[in-house]
Amino acid sequence: MAQKSVEIYTWQTCPFCIRAKALLDSKGIEYTEYKIDGDDQARQKMIERANGARSLPQIFVDQSHHVGGCDDLYALEGQGKLDSLVQA
């Protein structure tokens with residue numbers, strides 16, 4: 001089944017980033033990961049896209065839909081809304 005693009009901004013050792021990627025992986029959801037450890041320009045781009053959110057991870061679907069962080073991703077899954085959100 002086709003899916004929308006999913007992007008996730010992460011730090012390599014961030015436990016919430018690891019949990020979010022584990023959920024995506026377990027569901028077979030493909031994503032583009034931006035590892036922004038020490039990259040101030042990439043972090044600034046993420047903050048702008050996330051309407052000022054600075055915490056990691058930050059997750060986006062289909063370029064413009066800002067999901068939020070790890071807790072937001074798990075909340076969507078708990079509500080049964082994650083699959084329909086990423087399906088094209």
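**Close-up 1. Asn51, an exposed loop residue in the predicted model.** The relative accessible area of Asn51 is 70%. Because exposed residues are those over 50%, Asn51 falls in that class. Its place is the loop between α2 and β3. Phi of Asn51 is near 55°. That is a positive value, and the residue is not a glycine.

**Close-up 2. The cis peptide bond between Leu56 and Pro57.** Omega of this bond is about 0°. Pro57 sits in the loop between α2 (40–49) and β3 (58–61). Asn51 lies in that loop, between α2 and β3. Leu56 also appears among the residues that Thr10 touches.

**Close-up 3. Gln63, with positive phi in the loop between β3 and β4.** Strand β4 covers residues 65–68. Phi of Gln63 is about 65°. Gln63 is not a glycine.

**Close-up 4. Thr10, a buried residue of strand β1.** The strand covers residues 6–10. Thr10 has a relative accessible area of 0%. Its side chain makes a polar contact with the side chain of Glu33, at 2.7 Å. Residues up to four places away in sequence aside, Thr10 touches Cys17, Lys21, Glu33, Tyr34, Lys35, Ile36, Asp37 and Leu56. Two of these, Cys17 and Lys21, are numbered within the span of helix α1 (residues 15–26).

**Close-up 5. The packing of helices α1 and α3.** The axes of α1 (residues 15–26) and α3 are 9 Å apart. They meet at an angle of about 30°. The two helices are therefore roughly parallel, as angles under 35 degrees count as such. The crossing of α1 past α3 is left-handed. Helix α1 contributes Phe16, Arg19, Ala20, Leu23 and Leu24 to the contact. From α3 come Cys70, Asp71, Leu73, Tyr74 and Glu77. By class, seven of the contact residues are nonpolar and three are charged. None is polar.

**Close-up 6. Leu76, a buried residue of helix α3.** Helix α3 spans residues 70–78. The relative accessibility of Leu76 is 17%. Leu76 counts as buried because that value is under 20%. Neighbours within four places in sequence aside, Leu76 is in contact with Val67, Lys81, Leu82 and Leu85. Gly52 is 24 residues from Leu76 along the chain. The C-alpha atoms of Leu76 and Gly52 are 21 Å apart.

Note on methods: Residues are numbered from 1 along each chain as its sequence is written. This is a predicted model: local features need pLDDT of at least 70, side-chain atom pairs count only at pLDDT 80 or more; totals for chains, interfaces and linings use all residues. Side-chain values use heavy atoms; hydrogens and water are left out. Helices (H or I, at least four residues) and strands (E, at least two) are DSSP runs, numbered from the N terminus. Buried means under 20% relative accessible area, exposed over 50%, partly exposed in between (1.4 Å probe, protein chains only). Contact means heavy atoms within 4.5 Å. A polar contact is a pair of N or O atoms within 3.5 Å; within protein, one must be able to donate a hydrogen and the other to accept it, and residues adjacent in sequence count only if both atoms are side-chain atoms. Axes are lines fitted to C-alpha atoms, for helices over the stretch in contact, and angles run from 0 to 180 degrees between N-to-C directions. Angles under 35 degrees count as roughly parallel, over 145 as roughly antiparallel, 65 to 115 as roughly perpendicular and the rest as oblique. A crossing is left-handed if the near helix is turned anticlockwise from the far one by less than a right angle, and right-handed if clockwise. Ala, Val, Leu, Ile, Met, Phe, Trp, Tyr, Cys and Pro count as nonpolar, Asp, Glu, Lys and Arg as charged, and the others, Gly among them, as polar.
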